[in-house]
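Welcome to a short set of exercises on reading a protein structure. Take a look at the model below, then work through each task at your own pace.

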Amino acid sequence: TLNKENLDLVIVCGPLPDKTGVDWISDIREKGNDVRCVFVGQSQKDVQINKAKLENELGISLIVHKPVIPFVFGAQIEGQFAESAGAQAGKLKDFETMFLALVTKYARMLPTKLSDLSAAIQKAKLDPNNIDLVGEVRAQAHKIKGTGGSLGFRLVGEAMAFIEAAAVAMPTKSHEEQQISWAEIDRKLLEAQAAGEMEAREVAQVVAGKDDNDATDEPAMARI
């Protein structure tokens, strides 16, 4: 089926049903298919183990690992279609500047957003059968999950996903079960507050930073 399609690029991300992503790429290369592929590893270790084969034997120019930051990954994919290495580096560098500004702005806004969510949670706890109040908790958590997750705030996003799901299920629970759920929501909110500042620093380092031993002028996102 792959040979019948005129594809510009294939993103290979495991686990696949019956083989690894590296094996899948190896199979199509043996069949003479040289379609451009991007490899998304399950972990940093997965990439380290397979990087030499992917680059040297299979001709893979973009290798990343989960979790990926959607905005960054999108820019990396776009860079694959640049007319030259210089053009690719220029696009990635421009995107780094824009993305870092977004992350920095969101990091400043996140404490206020989490504080607003905390206030909404306290109101809903006082009247847990009020669908509108519980719905406000769900809506705020959903927004933080979406924006934070897309900007690389993975732990914050995971905590918000938990709070959103707990709020959705709240009306179906007994009073005793609701008390347990609210306690779990409070715990997840504290985790998100602790993770926010740390993840802001980590994302900024990934996007704009260089390792101490890295002397290249290549944009940071090209080395993720």
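Helices (H or I, at least four residues) and strands (E, at least two) are DSSP runs, numbered from the N terminus. This is a predicted model, in which local features need pLDDT of at least 70 and side-chain atom pairs count only at pLDDT 80 or more, while totals for chains, interfaces and linings use all residues. Residues are numbered from 1 along each chain as its sequence is written, and side-chain values use heavy atoms, with hydrogens and water left out.

**Exercise 1. Place Glu-164 and decide whether Glu-164 is buried or exposed.**

Step 1: Find the element: Glu-164 sits in helix 6.

Step 2: Recall the cut-offs: buried means under 20% relative accessible area, exposed over 50%, and partly exposed in between (1.4 Å probe, protein chains only).

Step 3: Apply them: Glu-164 counts as buried because its relative accessibility is 12%.

Step 4: List the contacts (heavy atoms within 4.5 Å). Not counting residues up to four places away in sequence, Glu-164 touches Arg-138, Ala-141, His-142 and Lys-145.

**Exercise 2. Do the same for Asp-34: is Asp-34 buried or exposed?**

Step 1: Asp-34 belongs to the loop between helix 1 and strand 2.

Step 2: The relative accessible area of Asp-34 is 68%, so this residue is exposed.

Step 3: Now compare sequence with space: Asp-34 and Leu-58 are 24 residues apart along the chain, and their C-alpha atoms are separated by 8.8 Å.

**Exercise 3. Work out the order of the strands in the sheet.**

Step 1: Two strands pair if DSSP finds at least two bridges between them. Strand 1 (residues 10-13) pairs with strand 2 in the parallel sense over four bridges. Val-10 stands opposite Cys-37, and Cys-13 stands opposite Val-40.

Step 2: Strand 2 also pairs with strand 3 (residues 62-65), in the parallel sense and over four bridges. Here Val-40 has Val-64 as its bridge partner.

Step 3: Put the pairs together: the three strands form an open sheet in the order 1-2-3, with parallel pairing. Strand 1 and strand 3 stand at the edges with a single partner strand each, so one side of each has no neighbour in the sheet.

Step 4: Look at strand 2 (residues 37-41), where five of five residues are buried. Cys-37, Phe-39 and Gly-41 point one way, whereas Val-38 and Val-40 point the other way. In a regular strand the side chains alternate between the two faces of the sheet.

**Exercise 4. Which helix joins strand 2 to strand 3 in a β-α-β unit?**

Step 1: Strand 2, helix 2 (residues 44-57) and strand 3 make this unit, and the unit is right-handed.

Step 2: Check the term: with the strands pointing away from the viewer, the path from the first strand over the helix to the second runs clockwise in a right-handed crossover.

**Exercise 5. Which helix gives the largest share of the largest nonpolar core?**

Step 1: A nonpolar core is a set of buried Ala, Val, Leu, Ile, Met, Phe, Trp, Tyr and Cys residues joined through side-chain atoms within 4.5 Å. The largest one has 32 residues, and Leu-117 is among those with the most contacts inside it.

Step 2: The elements giving two or more residues to this core are helix 3 (70-79), helix 4 (85-126), helix 5 (131-150), helix 6 (154-169) and helix 7 (175-208).

Step 3: Helix 4 gives the largest share, 10 residues.
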